[in-house]
Amino acid sequence: MQDVRIAVIGAGLAGLACARELARADVSVTVFEKSRGLGGRLATRREGNLAFDHGAQFFTARSESFRRFADSGMRAGVVARWEPRIREDQREWDAPIDEWLVGTPGMSAAVRPLSRNLDVRTGVGVHELLVSQHGWQLLTDAGKATEAFDALAVAVPAPQALSLLGPHGSGFRRISEVAMAPCWTAMMSFEVPLDAVPGVYRWTSGPLTWAACDASKPGRPGHEQCWVAHASPAWSRERLEADARDVAQWLWEEFASACGISGITPSHLHAHRWRHAFTERPLGQPFLVDEESAAGACGDWCIAPRVEAAWDSGRALAHTLLSIVGRATPAMLR
């Protein structure tokens, strides 16, 4: 059987779920990821002995296939239940109503098993897609990739996907319909634990939407107490180009005020900007594909702002690409 080569751009959950399905059909898959690590917004930032889940905070599993993925992760020790005490505005719960799942020892650990035995090239940004008589070629940080690929899956945030795929088919212009919101995130650690506050805060108005104690999650380092706070989309948009050091201080002050904290300062304080953090207006279909060029786009932005939506989108695109290149679709997740 002739070898089929497919490139996947992006090693978040959508990209890795897509690549894993393709590999199960005996397709040769190469994954390109501009960051050094895997997981996309299922991210963990490490600073010495400190660890912060500064992207997606948890996920739920509703569909049968994603439930199997989560259960497999739990058996392998890379996924666990998280049951924090929650305060939302003036209301409190002893634990989440739904089952909240997290990666252990960090959020990115949940997706790493998907990359096993795949050719994943981290630290390689893809800037342009080129079509030649041999197939798709990728212009990367290091210049044009030597390989040519029979098909292509783009699993990056919608604005980046539009930049790459827009010149290669009018159907991809629909990506411009998607709206994604930014989020400034503060990472804070404390030598003196903030034991008097819940593990999770949520706010329905104001500059902050979320704050969580990472120490309340299973399998986290037990050094200083680490917290993550997310700013609202509106607050983040207004300060999108602000200096990260200023943002970190502003968010710490907002967090301290909202939680009634005084007489304590963080031993570590840093901010990270997620330029494309949340899907505000999704595409409304599982993926986009151009059959003639054998290229497609996937991500949570296609369906809904949920981790599970990224999984569903990536797998659905993989099945369609396999059909285009004439390979059988795997019957079920093993």
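Reader: Which residues does threonine 44 touch, not counting residues up to four places away in sequence?

Author: This is a predicted model, and in it threonine 44 touches Ala51, Phe52, Asp53, His54, Gly106, Met107 and Ser108. Threonine 44 itself lies in the loop between β2 (28-33) and β3 (45-47).

Reader: Is threonine 44 buried or exposed?

Author: Buried means under 20% relative accessible area. Threonine 44 has 18% relative accessibility, so threonine 44 counts as buried.

Reader: What polar contacts does the side chain of threonine 44 have?

Author: One joins the side chains of threonine 44 and aspartate 53, at 3.0 Å. In another, a polar atom of the threonine 44 side chain lies 2.9 Å from the backbone nitrogen of methionine 107.

Reader: Now the sheet. In what order do the seven strands come?

Author: Strands of a sheet pair through backbone hydrogen bonds, and the pairing is either parallel or antiparallel. Here seven strands form an open sheet with mixed pairing, and the order is β7-β6-β15-β16-β17-β14-β18. The edge strands, each pairing on one side only, are β7 (91-93) and β18 (268-281). On average, neighbouring strands of this sheet are turned by 15° against each other, direction ignored.

Reader: Which helix packs on the sheet?

Author: Helix α5, residues 244-259, packs there and touches β14 (179-190), β15, β16, β17 (225-231) and β18. The direction of α5 makes about 75° with that of β14.

Reader: In what sense do β15 and β16 pair?

Author: Strand β15 (residues 200-202) and strand β16 (residues 208-213) are paired in the antiparallel sense, over three bridges. To find one on the structure, start from tyrosine 201, whose bridge partner in β16 is alanine 211.

Reader: How many bridges join β14 to β18, and over how many does β14 pair with β17?

Author: β14 and β18 run antiparallel and are joined by 10 bridges. Across that pairing, threonine 185 stands opposite histidine 272 in β18. With β17, the strand β14 pairs in the antiparallel sense over six bridges. There, methionine 187 has valine 228 of β17 as its bridge partner.

Reader: How many residues of β14 are buried?

Author: The strand is mostly covered, with 12 of its 12 residues buried. Look at the two faces in turn. On one side the buried residues are Ala179, Ala181, Cys183, Thr185, Met187 and Ser189. On the other they are Met180, Pro182, Trp184, Ala186, Met188 and Phe190.

Reader: With which residues is serine 236 in contact, leaving aside its neighbours within four places in sequence?

Author: Serine 236 is in contact with Pro182, Cys183, Trp184 and Ala231. The place of serine 236 is in helix α4, residues 233-238. Its relative accessibility is 0%, so serine 236 counts as buried.

Reader: What describes a pair of aromatic rings?

Author: Two values do: the distance of the centres and the angle of the planes. The count in this model comes to 16 aromatic pairs. In one of them, tryptophan 82 and tryptophan 100 are 5.4 Å centre to centre with 45° between the planes, and the pair is tilted. Distant parts of the chain are linked by this pair: tryptophan 82 is in strand β5 (residues 79-82) and tryptophan 100 in strand β8 (residues 100-103), 18 residues apart. Both tryptophans, 82 and 100, are buried. Ring pairs also link Trp82 and Trp100 with Phe58 and Trp210 into a cluster.

Reader: How are tryptophan 252 and phenylalanine 255 paired, and why are they separated by about one helical turn?

Author: Tryptophan 252 and phenylalanine 255 form a tilted pair, at 6.3 Å centre to centre and 45° between the planes. They are separated by about one helical turn because they are three residues apart in helix α5. Tryptophan 252 is buried, with a relative accessible area of 8%, and phenylalanine 255 counts as buried at 0% relative accessibility.

Reader: How many residues has the largest nonpolar core?

Author: A nonpolar core is made of buried residues of certain kinds, joined through side-chain atoms within 4.5 Å. The largest has 52 residues, and those with the most contacts inside it are Leu13, Leu22, Leu42, Phe59 and Phe66. Leaving aside neighbours within four places in sequence, phenylalanine 66 is in contact with Leu13, Phe59, Thr60, Ala61, Val307, Glu308 and Trp311. A second, separate core has 25 residues, including Leu283, Leu288, Ala297 and Trp301.

Notes. Residues numbered from 1 in each chain as written. Predicted model: local features only at pLDDT ≥ 70, side-chain atom pairs only at ≥ 80, totals over all residues. Heavy atoms only, no water. Buried < 20%, exposed > 50% of the residue type's maximum accessible area, 1.4 Å probe, protein only. Contact = heavy atoms within 4.5 Å. Helix = DSSP H or I, 4+ residues; strand = E, 2+ residues; numbered from the N terminus. Polar contact = N/O pair within 3.5 Å; in protein donor to acceptor, adjacent residues only side chain to side chain. Pairing = 2+ DSSP bridges. Axes fitted to C-alpha atoms, helices over the stretch in contact; angles between N-to-C directions. Phe/Tyr/Trp six-rings, centres within 6.5 Å; stacked < 30°, edge-to-face > 60°.
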